[in-house]
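User: I am new to protein models. Can you teach me how to read strands, crossovers and backbone angles?

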Amino acid sequence: MTLRTALSRHVLVIDGAMGTMLQSSDLTIDDFQGLEGCNEILNVTRPDVISRIHDAYLDSGADIIETNTFGVNLPALTEYGIAPRAVELASAATKLAREAADKRTDKPRYVVGSIGPGTKLPTLRQIGFAAIRDVYQQVIEAMIDAGADGVQIETCQDLLQARAAIIGAHRAATARKVDLPILVDFTVETTGIMLMGSESGAALTVLESLGVDAIGLNCATGPAEMAEHLRTLSRGAQVPIMCMAERRPARDHGGGGPLSPWS
């Protein structure tokens, strides 16, 4: 069963935060090749740690696991001086997740490529739209080649950034001639407003029009605070709704939140 079919038929459970799990692991600065905080470098330096985290979430019953690629984007990797390694890191991460999922035979397990927002926003003219779009496409093509079932564009705070990632995903799917489910999470404060000022209903209208297969909220707030905003989405959405709630006061950008259902 493909991920697209499963989305239309079942409630699926996705994994939780990658960053939190890494923080609890016994890692040294050498594991990060001196790039402190660059979790994505661990895909090549400590694949055993990443695989162990995937296994833990799969053991917990997750139907979907995300690749360790939240920071594999142009602005984030540029800050570390390793932007040319984006494709390498995306490919390595996807292979690790794919291997972990394929070991399970009890039920279908799916891999989605985690696509984070980066550290600079095009709406604020901190980075060019075309530049981030093109790198997103390159990264997603690498994920497809390595076996991703779909992509999750997550923690979107800027609709222009989300648009760049969605277009990059569509272009990657066309280039590789595959059917690629595109899932999008945006993040809002308790008021239901995104960082750039868009409210939930407006975000739904814009993102759904770009051709996505599921839409929802992640990060920033907990389940109680998200409830009303999820109701707003569910009233108007023509695609499945997803939720990855944040249970901790600090935001962990690196894989979402606790195990949460899709509906």
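Analyst: We will take a few features in turn, and keep in mind that this model is predicted.

User: Let me start with burial. How many residues of β3 are buried?

Analyst: Use the cut-off: a residue is buried when its relative accessible area is under 20%. In β3, six of the six residues are buried, so the strand is largely enclosed by the rest of the structure.

User: Which strands pair with β3?

Analyst: Strand β2 (residues 64-66) and β3 pair in the parallel sense, over three bridges. Look for Ile64, whose bridge partner in β3 is Tyr110. β3 also pairs with strand β4 (residues 150-156), again in the parallel sense, over four bridges. There, Val112 stands opposite Gly150 in β4. Now follow the chain: it crosses from β3 through α7 to β4, and this β-α-β crossover is right-handed.

User: Now β6. Are its two faces covered or open?

Analyst: Check each side of the strand separately. On one side of β6, Ala214, Gly216 and Asn218 are buried. On the other, Ile215 and Leu217 are buried. Both faces are covered. In total, five of the five residues in β6 (residues 214-218) are buried.

User: Which strands pair with β6?

Analyst: Strand β5 (residues 182-186) pairs with β6 in the parallel sense over four bridges. Asp185 stands opposite Gly216 in β6. Strand β7 (residues 241-244) pairs with β6 too, in the parallel sense, over four bridges. Here Asn218 has Met244 in β7 as its bridge partner.

User: Which helix makes a β-α-β unit with β5 and β6?

Analyst: Helix α9 (residues 200-209) does, and the unit is right-handed.

User: Next, backbone angles. What sign of phi should I expect?

Analyst: Most residues other than glycine have a negative phi. Positive values in such residues are worth a look. Take Arg125: its phi is near 60°, a positive value in a residue other than glycine.

User: Where is Arg125, and is it buried or exposed?

Analyst: Arg125 sits in the loop between β3 (110-115) and α7 (129-145). Its relative accessible area is 79%. Exposed means over 50%, so Arg125 is exposed.

User: What is phi for Lys177?

Analyst: Phi of Lys177 is near 55°, also a positive value in a residue other than glycine. Find Lys177 in the loop between α8 (159-176) and β5. With a relative accessible area of 76%, Lys177 is exposed.

Terms used
Residues are numbered from 1 along each chain as its sequence is written. This is a predicted model: local features need pLDDT of at least 70, side-chain atom pairs count only at pLDDT 80 or more; totals for chains, interfaces and linings use all residues. Side-chain values use heavy atoms; hydrogens and water are left out. Buried means under 20% relative accessible area, exposed over 50%, partly exposed in between (1.4 Å probe, protein chains only). Two strands pair if DSSP finds at least two bridges between them. A crossover is right-handed if, with the strands pointing away from the viewer, the path from the first strand over the helix to the second runs clockwise.
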